Amino acid sequence: MSDLPRPLPQHAPMTQFPVSHGELMVGDIRLSTLTARVGQTPFYAYGRSQLRQRVMELRQALPKKIRLHYAMKANPMPALIGFMVGLVDGIDVASAGELKVALDAGVSPQEISFAGPAKRDAELHQAVAAGVLVNIESFREVDVLAQASQLLGLPARAAVRINPNFELKGSGMKMGGGPKPFGVDVEQVPALLANMGRSGLQFEGFHLYPGSQNLNAEAICDALQQSFDLAVRLAEHAPDKVRVLNLGGGLGVPYFPGDQRLELRPIADQLERLLQLAQTQLPQATLVLEIGRYLVAEAGIYVTRVVDRKFSREQLYLMVDGGLHHHLAATGNFGQVLRKNYPVAIGNKMDAPASQVTSVVGPSCTPLDVLADRMLLPEAQVGDLVVVFQSGAYGASASPHQFLSHPSCLEVLV
C-alpha cells in the first residue's frame with residue numbers, strides 16, 4: 001500500500017477581518033464600499049479595531065509592569081501613529097522624520113526613544129532639543145550629543161544600544177551578534193560608558209534588539225534572559241543607575257504556508273521572572289518591549305483590482321493594478337531568500353470556493369512583480385478585488401513607489 005501524499009502546508013487562518021455577504025469587512029464597511037469611498041485602487045487599509053485588539057491581547061498576556069513601545073518604522077502612517085499613542089506607553093523612532101511624526105501626534109518626549117546606526121549631527125541636535133532618549137550606537141554619537149547639550153543648554157538623555165555576543169535564533173532578520181552596524185559591540189561598551197560619564201551625558205539605560213520576526217517562543221525567551229544578564233553585568237560600568245532597559249521585541253506573525261502563530265505564554269512567564277530578578281539586580285529599571293510588526297501587521301490589508309485576466313501556456317494570470325512598487329515585501333523582494341506567498345484572497349468573493357490555480361502579478365515590467373505564485377483561489381474576473389493580508393507592517397513605507405512611475409497608492413485608517 002503506497003503512502004498517501006503529504007498535504008501541502010497552509011497559511012494560518014486569516015480571521016482578524018470578518019466576512020459578510022461574501023465580502024471582507026473593514027471597520028464594519030464592505031470592501032467594495034470602502035473601495036468606492038477611497039476612490040481608487042490600490043490602497044492600504046488598517047483597522048482600528050484590529051489594532052486595539054492586538055494591543056489589548058498583548059497587555060492581557062504580559063505582566064502589567066512591562067511597558068510597550070511601538071516601533072514606528074513598522075508603519076509610520078501619521079493617522080495610525082495618532083491612534084497608537086492612546087494604546088501604547090511610548091514610541092521608538094529611527095529618524096528625525098519619524099521623530100516629527102511622533103511629536104506631531106502628541107507623544108511625550110519622555111516616552112520617545114531614537115535608534116539608528118547612522119544618525120546625522122543635525123538629527124542628534126534635534127533629539128536633544130526635543131528631549132527624547134537617544135540610543136547611542138557609536139563613540140562619535142557621544143561627542144555630538146555632548147556638543148549639542150552644551151550648545152542648547154539642555155541635558156542629553158542617552159542609553160547605549162548594545163550589539164550583543166549572541167543572536168536571536170530563528171529570526172527573519174538578525175540585528176545583533178557578530179559584526180553588525182547596529183549598536184556598540186558589547187566588548188566596547190565599558191569604554192563607551194566611561195566616555196559618557198566624562199562627557200556629562202544623562203545616562204538612562206540600555207537597549208538591545210537581537211532580531212525580528214521570530215515565531216519561536218523558546219528562542220525569544222532565551223534572548224530575553226541573555227539580554228537581561230548582559231545588562232546587569234554592564235550596569236557595573238555605568239555612570240548612573242539603569243532606569244530603562246529596552247529588551248527589544250522580535251515577536252513574529254505568520255506570513256507563509258506552514259507558519260504557526262507565536263505562543264505568548266512562555267514569553268510572559270519569562271518576563272515575569274525577569275521582573276522579579278530586576279527587583280534586586282536592577283531595582284530602578286523599567287523593562288520595555290519594543291514591538292513593531294507584531295502590533296500592526298495583521299491589522300492591515302493591501303487592496304488591488306484585477307485589470308486583466310489571461311492564460312499563458314495553461315497558467316492563469318490575474319493582472320492587477322498594484323504590485324512591488326507598493327508592496328515590495330509581498331512580492332518576496334524585501335529580504336526573502338526563497339520567495340513564498342503571503343496569504344491572498346479575492347476580497348469580494350470570500351465565500352466562493354477556491355477552484356483555480358492562479359498567479360497574481362502587478363503592472364511592472366519585471367518578472368519580480370508577483371503577489372501570488374500559483375495559489376489556489378476563487379475564480380476572479382476583471383474588476384474583482386485582490387486582498388493581501390498581513391500588510392500592516394513594512395508595506396507602503398518600505399516600497400519603491402516611484403518604480404516605473406506607476407500611480408501611488410493611498411493609505412486609510414478605518
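Where is the place of Arg374? Arg374 sits in strand β20, which covers residues 370-377. The model is predicted, and this report covers its backbone exceptions, two of its helices and one surface patch.

**Backbone exceptions**

Most residues other than glycine have a negative phi, and most peptide bonds are trans. Arg374 is not a glycine, yet its phi is positive, at about 50°. Because its relative accessibility is 53%, and exposed means over 50%, Arg374 counts as exposed. Leu404, also not a glycine, has a positive phi of about 60°. The loop between β21 (385-388) and β22 (410-413) holds Leu404, which counts as partly exposed at 44% relative accessibility.

Two glycines with positive phi follow helices: Gly106 comes just after α4, and Gly131 comes after α5. The table lists the phi values.

| Residue | Phi | Place |
|---|---|---|
| Gly106 | about 90° | just after α4 |
| Gly131 | near 85° | after α5 |
| Arg374 | about 50° | strand β20 (residues 370-377) |
| Leu404 | about 60° | loop between β21 (385-388) and β22 (410-413) |

A cis peptide bond runs from Thr41 to Pro42, with omega near -5°. Pro42 belongs to the loop that joins α1 (31-38) to β4 (43-46).

**Helices α4 and α5**

Helix α4 spans residues 96-104, and its buried residues are Ala96, Glu98, Leu99, Val101 and Ala102. Their cover includes α3 (78-84), β6 (90-93), β7 (112-114) and α5 (121-130). At the N-terminal end of α4, Ser95 acts as a cap, with a side-chain oxygen 3.4 Å from the backbone nitrogen of Gly97.

In α5, the buried residues are Glu123, Leu124, Ala127 and Val128. Seen down the helix axis, these residues fall within an arc of 140°, so they line one face of α5. What do the buried residues of α5 pack against? They pack against α4, β7, β8 (133-136) and α6. Strand β7 therefore appears in both lists, as part of the cover of the buried residues of α4 and as a packing partner of those of α5.

**A nonpolar patch by α6**

Leu151, Leu152 and Leu154 make a nonpolar surface patch of about 270 Å². Of these, Leu152 lies in helix α6, residues 139-152. Is Leu152 partly exposed or buried? Leu152 counts as partly exposed because its relative accessibility is 36%, whereas buried means under 20%.

Conventions:
Residues numbered from 1 in each chain as written. Predicted model: local features only at pLDDT ≥ 70, side-chain atom pairs only at ≥ 80, totals over all residues. Heavy atoms only, no water. Patch = residues over 30% accessible without salt bridge, like charges linked within 9 Å, V, L, I, M, F, W, Y side chains within 5 Å. Areas by Shrake-Rupley, 256 points an atom, 1.4 Å probe, with all protein chains shown as cover. Salt bridge = Lys/Arg side-chain N within 4 Å of Asp/Glu carboxyl O. Helix = DSSP H or I, 4+ residues; strand = E, 2+ residues; numbered from the N terminus. Buried < 20%, exposed > 50% of the residue type's maximum accessible area, 1.4 Å probe, protein only. Contact = heavy atoms within 4.5 Å. Polar contact = N/O pair within 3.5 Å; in protein donor to acceptor, adjacent residues only side chain to side chain. Arc of directions from axis to C-beta.
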